[in-house]
Amino acid sequence: MSHDPEHCKEIFALLSEYLSLELPPEACQEIDEHLSGCPPCVEFVESLRKTVDLCRGYQPSAMPAPLSAKARGDLEAAWKRMLEGRAT
Amino acid sequence: MSAVVTWCGSPESAALESGQSRPVEKHQEKELAIALRNGEPGAFDRFVDHFRSKVFGYSWLMCGQREDAEDVAQEALLKAFENFDQLQDPEHVRSWIFRIAKNACLMKRRKSVFAPERELSLEEFLPASESAGGIRRLEIADWSHLPDGRLLNLELRQELQEAIAGLPELYRAVLLLRDVEDLSTEETAQILDVSTDVVKTRLHRARLAIRRKLDTYLRGAQAVRP
């Protein structure tokens, strides 16, 4: 398949939707066909796929401080009011 | 900012060390919301532990300050309990809580400490390439041996965190909700009051920005490898 840099750019704009399976079948097929003949685009897609995987596995390195007695009491009181409201 | 680069271990290990209950998976949130609404024993503590951590993580990266993030988490949970009857479908408790959290973040009315607000263009993320012998090669790192997120080394985790923190706010919010919190395009659009097309556009550019930042890091790391 001949390499067309303009087609690579068109594909480039759609890659997140492609990876998120949010493209119509025809568009997916067009990208699949392009990728089958364009190793640089394949390499780029794989690096983007890995990026998405890393973001999905990301967890913040900080945790909130333990809940103070007052903050916990305020939340519990609000929850109990919610339960009382549902019972009436 | 020191809070961004302070590594405290995984949330799971921190939760276990502090005596908190086991982490709640996304598919268990609906049951948890129903248990909370029914006043079942243990539901309150599990709900608070789970969503307080989640909202804190989002708010910390959106507000940039630990104290703001803790305030937002507390305010979001209080509002959630006060308005729990407005949660029409417990299946969507996560997106409902994050909508409250997003509004609580906005109430802080602080400019982001991470990155100045600007639009990201698609063109700036097109990778450079070189041709040799009629074969085009991209000038990018070798990503093939990167482990998955949970096995990343500390340095790469920090690089990822700084890359997320460095995104302009509009893009950071979309990436956190779509990829980190695993919300749908539609849910993210509702939370942020934008169209689904806007979510898709911003998500793509956010991912490309993260990819480029990590690529730069990997190329540097691979260049010094013996």
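Q: How many helices and strands does the secondary structure of chain B come to?
A: Let's start with the overall build of this predicted model. Read along the sequence, chain B follows the pattern α-α-α-α-α-α-β-β-α-α-α-α. Counting the symbols gives the secondary structure of chain B: 10 helices and 2 strands.

Q: What percentage of the 226 residues of chain B count as buried?
A: A residue needs 20 or more other C-beta atoms within 10 Å of its own to be called buried. Applied to the 226 residues of chain B, that cut-off gives a buried share of 36%.

Q: Among contacts in chain B between residues at least 6 apart in sequence, what percentage join residues at least 24 apart?
A: A good example to look at is B:Ala165 with B:Leu61, which sit 104 residues apart in sequence but 6.0 Å apart in space, C-alpha to C-alpha. For chain B as a whole, taking contacts between residues at least 6 apart, the share joining residues at least 24 apart is 66%.

Q: Is B:Ala165 buried or exposed?
A: You will find B:Ala165 in helix 7 of chain B. The cut-off for burial is 20 or more other C-beta atoms within 10 Å. B:Ala165 has 21 such neighbours, so it counts as buried.

Q: Which element gives the most residues to the largest nonpolar core?
A: In soluble globular proteins, nonpolar side chains tend to be buried together. Here the largest nonpolar core has 68 residues, and those with the most contacts inside it include B:Val55, B:Val72 and B:Ile164. With 10 residues, the element that gives the most to this core is helix 4 of chain B.

Q: Which residues does B:Val72 touch, leaving aside those up to four places away in sequence?
A: B:Val72 is worth a click, as one of the residues with the most contacts inside the largest nonpolar core. Another residue in that group, B:Ala101, is also one of its partners. Leaving aside residues up to four places away in sequence, B:Val72 touches B:Val55, B:Ser59, B:Cys63, B:Ala101, B:Ala104, B:Cys105 and B:Lys108.

Q: How are helix 3 and helix 4 of chain B oriented to each other?
A: Two packed helices are described by the angle between their axes and the distance between the axes. For helix 3 (residues 29-37) and helix 4 of chain B, the axes come within 9 Å and cross at roughly 130°. The crossing is left-handed. At that angle, helix 3 and helix 4 of chain B are therefore oblique.

Q: How many nonpolar, polar and charged residues are in the contact of helix 3 with helix 4 of chain B?
A: Helix 3 of chain B brings B:Leu32, B:Ala35 and B:Leu36, which meet B:Ala43, B:Phe44, B:Arg46 and B:Phe47 of helix 4. By class, these residues divide into 6 nonpolar, no polar and 1 charged.

Q: Is B:Asp182 buried or exposed?
A: B:Asp182 is found in the loop between helix 8 and helix 9 of chain B, and its phi is near 60°, a positive value in a residue other than glycine. A residue with 12 or fewer other C-beta atoms within 10 Å is called exposed. B:Asp182 has 11, so it is exposed.

Q: How many residues does the contact take from chain B and from chain A?
A: Several elements of chain B each supply at least two residues to the side that touches chain A, among them helix 4 (43-63) and helix 10 (196-224). By class, that side of chain B has 29 nonpolar, 12 polar and 15 charged residues. In total, the contact takes 56 residues from chain B and 37 residues from chain A.

Methods. Residues numbered from 1 in each chain as written. Chains lettered and ligands numbered in written order. Predicted model: local features only at pLDDT ≥ 70, side-chain atom pairs only at ≥ 80, totals over all residues. Contact = placed C-beta atoms within 7 Å. Helix = DSSP H or I, 4+ residues; strand = E, 2+ residues; numbered from the N terminus. Nonpolar A, V, L, I, M, F, W, Y, C, P; charged D, E, K, R; others polar. Axes fitted to C-alpha atoms, helices over the stretch in contact; angles between N-to-C directions. Parallel < 35°, antiparallel > 145°, perpendicular 65-115°, else oblique. Left-handed = near helix turned anticlockwise from the far one by under 90°. Core = buried A, V, L, I, M, F, W, Y, C linked by C-beta atoms within 7 Å.
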